[in-house]
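Could you walk me through this structure in my viewer? I would like to know what to select at each stop and what I will find there.

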Amino acid sequence: MPEEHPLIEMEREIAGGDFQRAGDVSSELKNILQRAGFPPAFNRRVVIASYEAEMNVVIHAYRGVFRARVYSDRVHVEIDDQGPGIPDLELAFQEGYSTAPPHIREMGFGAGYGLSNMKKCSDVLVIDTRVQEGTKVVMDFFLSPSNS
Amino acid sequence: MTLREIKEILEAEVLVGEEFLDREIWYACGSDLLSDVLAFAKEHALLLTGLTNSQVIRTAEMIDLLGIVFVRGKRPEHSTIELAALKGIPLLTTRLPMYESCGRLYLKGLKGCSEFGSNA
């Protein structure tokens with residue numbers, strides 16, 4: 001079966017530490033999905049997971065690239081960063097576990113629920129991480145028959 | 001309950017979004033953890049929070065929150081208010097602390113997000 005071409009593709013840079021612009025990329029993806037006419041509950045899943053992933057890059061990494069491919073019945077998101085990597089992925093998935101510094105926690109983030117939110121909102125989540133190199137997060141979201 | 005009623009109940013001041021006070025709010029959630037807000041807030045919801053940074057506005061934008069109330073007299077910076085104006089998110093501030101703000105609204109019948117789906 002030939003590879004289906006995406007309806008829309010987007011690729012954006014994310015700057016580590018830039019809290020003023022943090023959220024811009026997910027906001028843009030949200031607008032794209034709304035214009036494409038996906039159901040709100042589906043968009044919400046994609047946007048929450050994307051925003052958590054975007055925040056992780058801003059909080060922890062030096063820079064990252066956000067790529068989204070929108071198909072008629074699914075959305076594929078990849079976030080590839082250059083950063084510290086995640087030494088213990090299993091631990092990182094534990095709710096409440098966080099390595100975020102205090103100033104991040106004061107902003108309301110870094111409470112240790114980002115990865116679990118990403119897992120809950122996506123249908124497939126794959127994380128490839130190398131310590132002191134970076135982390136790649138790949139997420140797929142399928143439009144289910146119940147439209148959510 | 002409308003945002004206008006919420007403003008009265010909390011004796012709140014509108015920082016931006018006066019034109020949105022007729023919005024109908026079905027649920028509220030009180031939290032200072034944005035990942036919790038992302039995970040649990042439902043449609044037609046209001047957020048009560050002590051956080052005033054721009055990420056609160058971003059979080060509200062991502063999940064279509066209908067408004068934000070800052071508790072205990074907190075006020076965001078001008079840039080945060082501007083971002084909310086741009087995104088069409090009304091901001092209110094009340095002198096009441098978190099517990100009392102939530103309590104007053106709950107007593108008046110505004111449900112919590114975990115009660116989503118029950119008669120609003």
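**Stop one: strands of chain A**

Select residues 124–130 of chain A to start: this is strand β4(A), which pairs with β5(A) in the antiparallel sense over seven bridges. Keep in mind as you go that the model is predicted. Zoom in on Thr129(A), and you will find Thr135(A) of β5(A) opposite. Now follow the chain through the turn: β4(A) and β5(A) make a hairpin with three residues between them, and Gln132(A) in that turn has a positive phi of about 65°.

Next, add residues 74–82 of chain A, strand β3(A), which is antiparallel to β5(A) (134–142) and joined to it by nine bridges. A handy pair to label here is His76(A) and Asp140(A), the latter sitting opposite in β5(A).

**Stop two: the sheet of chain B**

Move to chain B and colour its strands. You should see an open six-stranded sheet in the order β1-β5-β4-β3-β2-β6, with mixed pairing. β1 (13–16) and β6 (111–112) of chain B are the edge strands, each with a single partner, so one side of each has no neighbour in the sheet. Within it, pick β2(B) (27–30) and β3(B) (45–49): they run parallel, with four bridges between them. Gly30(B) faces Leu48(B) of β3(B).

**Stop three: where the chains meet**

Finally, show both chains. Here 16 residues of chain B are in contact with 18 residues of chain A. On the chain B side, α2 (34–40) and α3 (54–62) each supply at least two residues, and α3(B) gives the most, with six. Colour that side by residue type to find eight nonpolar, four polar and four charged residues.

Note on methods:
Residues are numbered from 1 along each chain as its sequence is written. Chains are lettered from A and ligands numbered from 1 in the order in which they are written. This is a predicted model: local features need pLDDT of at least 70, side-chain atom pairs count only at pLDDT 80 or more; totals for chains, interfaces and linings use all residues. Two residues are in contact if their C-beta atoms, placed from the backbone, lie within 7 Å. Ala, Val, Leu, Ile, Met, Phe, Trp, Tyr, Cys and Pro count as nonpolar, Asp, Glu, Lys and Arg as charged, and the others, Gly among them, as polar. Two strands pair if DSSP finds at least two bridges between them.
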